[in-house]
Protein chains: 2
Amino acid sequence: MAGMKTKSFSDMQCSIARSLELVGSWWSLLIIRDAMMGARRFKHFQNSLGIAKNTLTTRLNQLVDGGILDRVAAADGSAYDEYQLTQKGRDLGPIILALSQWGDKWAVHPDGPSFEYFDRKTGDDLSAIWPRRANGEAMALGDVGVKPAGTPTPTPELNPGRTQK
Amino acid sequence: MAGMKTKSFSDMQCSIARSLELVGSWWSLLIIRDAMMGARRFKHFQNSLGIAKNTLTTRLNQLVDGGILDRVAAADGSAYDEYQLTQKGRDLGPIILALSQWGDKWAVHPDGPSFEYFDRKTGDDLSAIWPRRANGEAMALGDVGVKPAGTPTPTPELNPGRTQK
DNA sequence: TTGATTGGTTGCATTATGAAACCAGGTAGC
DNA sequence: GCTACCTGGTTTCATAATGCAACCAATCAA
């Protein structure tokens, strides 16, 4: 975990906290972003991120230990190992996309965003990462309900939306 | 930023990095989660998170400064202020959901997840937060393409998917 | 063979965080 | 209106995470 003394989220039952614990730190997400863009070697990550080398070492080891990256023999025959996303790591894609989308809207750089996402099959831009109904229709965030696991889902009649004081 | 000395992501053009910089730390996301669940007062966050009070103070101030929370007069007439998500803050919902979904799959607690998400209008479970084509159809992560902003979108013919060595 | 690159490790300085004590103002009970 | 407790912090101190620079062995390019 970044900067915190001893405190760990791993005892928490909440999946959000557990995800954050396993991913490790902000740097980890940027490492994963670069891995999704094709970075495979220590040097790639270091050049792209401008991260201190000892910190990069720590983060890469943590991601390998966490099953998000695999350390594999280089594809090109080099004696240096490479880092490769596991399925667990590739499944972080929606998180990366959601962060990117939010940043494009609320924290964009004066020069605009640096990356754009598209559909490889059609060439179209991606539609927004957004909660969907069972039929795939995008839904308003206010229509997303949360409840403790195992409790019955409130019926729509008894649950007239979020109060907005 | 959590634990890091001086380094800031705010100069980076990447929207992911800029989002992470603005959100602040892991704690911030859990604070936002609680705010989405209805927490409004200092004490709510402290009880729910078990966070040190000085750290909570810092994080809340940072979220207010970042425009993610507003400090508002209490709705019930109390002299103590309350914290309320702004639109910018509510738009973090998809990130929270994506993190929750990943944790449910890859980092679940032995007792199972603590929360479930549903559609307030229909009572159905939410479908997965996932990249979608323009028509709303869910797409494989491997079909998500990334390119530097401003460059032309590669045509599907010339872009036969991610190589998977 | 020589020099540069890669992938680290080590040591030190600085910052973020945790824990506990403390405190002023608000609130509740009576 | 008095008192005790609650709320929302601040302060102090110890520790962990990070940055930076120097160093190093192994690899690779010429």
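In the predicted model, helix H2 of chain B, spanning residues 26–36, packs against helix H4 of chain B, spanning residues 53–65, at an angle of about 75 degrees. The axes of these two helices lie 10 Å apart. Because angles of 65 to 115 degrees count as roughly perpendicular, H2(B) is classed as roughly perpendicular to H4(B). On the H2(B) side, the contact is formed by B:Trp27, B:Ser28 and B:Ile31; these residues meet B:Thr55, B:Arg59 and B:Leu63 in H4(B). By character, the residues of this contact comprise 3 nonpolar, 2 polar and 1 charged.

Chain B also touches chain A, in a contact that takes 79 residues from chain B and 79 residues from chain A. Several elements of chain B each supply at least two residues to the side that touches chain A. The helices concerned are H1 (15–23), H2, H5 (87–90) and H6 (93–106), and the strands are S3 (115–119) and S4 (144–148). The greatest share comes from H6(B), which gives 13 residues to the side of chain B that touches chain A. The composition of that side of chain B is 40 nonpolar, 20 polar and 19 charged residues.

Strand pairing also links the two chains. Strand S4 of chain A, covering residues 144–148, is joined to S3(B) by 5 bridges, and the two strands run antiparallel. Within this pairing, A:Gly145 has B:Phe118 of S3(B) as its bridge partner. S3(B) is thus both a strand bridged to S4 of chain A and one of the elements supplying at least two residues to the side of chain B that touches chain A.

Technical notes: Residues numbered from 1 in each chain as written. Chains lettered and ligands numbered in written order. Predicted model: local features only at pLDDT ≥ 70, side-chain atom pairs only at ≥ 80, totals over all residues. Axes fitted to C-alpha atoms, helices over the stretch in contact; angles between N-to-C directions. Helix = DSSP H or I, 4+ residues; strand = E, 2+ residues; numbered from the N terminus. Parallel < 35°, antiparallel > 145°, perpendicular 65-115°, else oblique. Contact = placed C-beta atoms within 7 Å. Nonpolar A, V, L, I, M, F, W, Y, C, P; charged D, E, K, R; others polar. Pairing = 2+ DSSP bridges.
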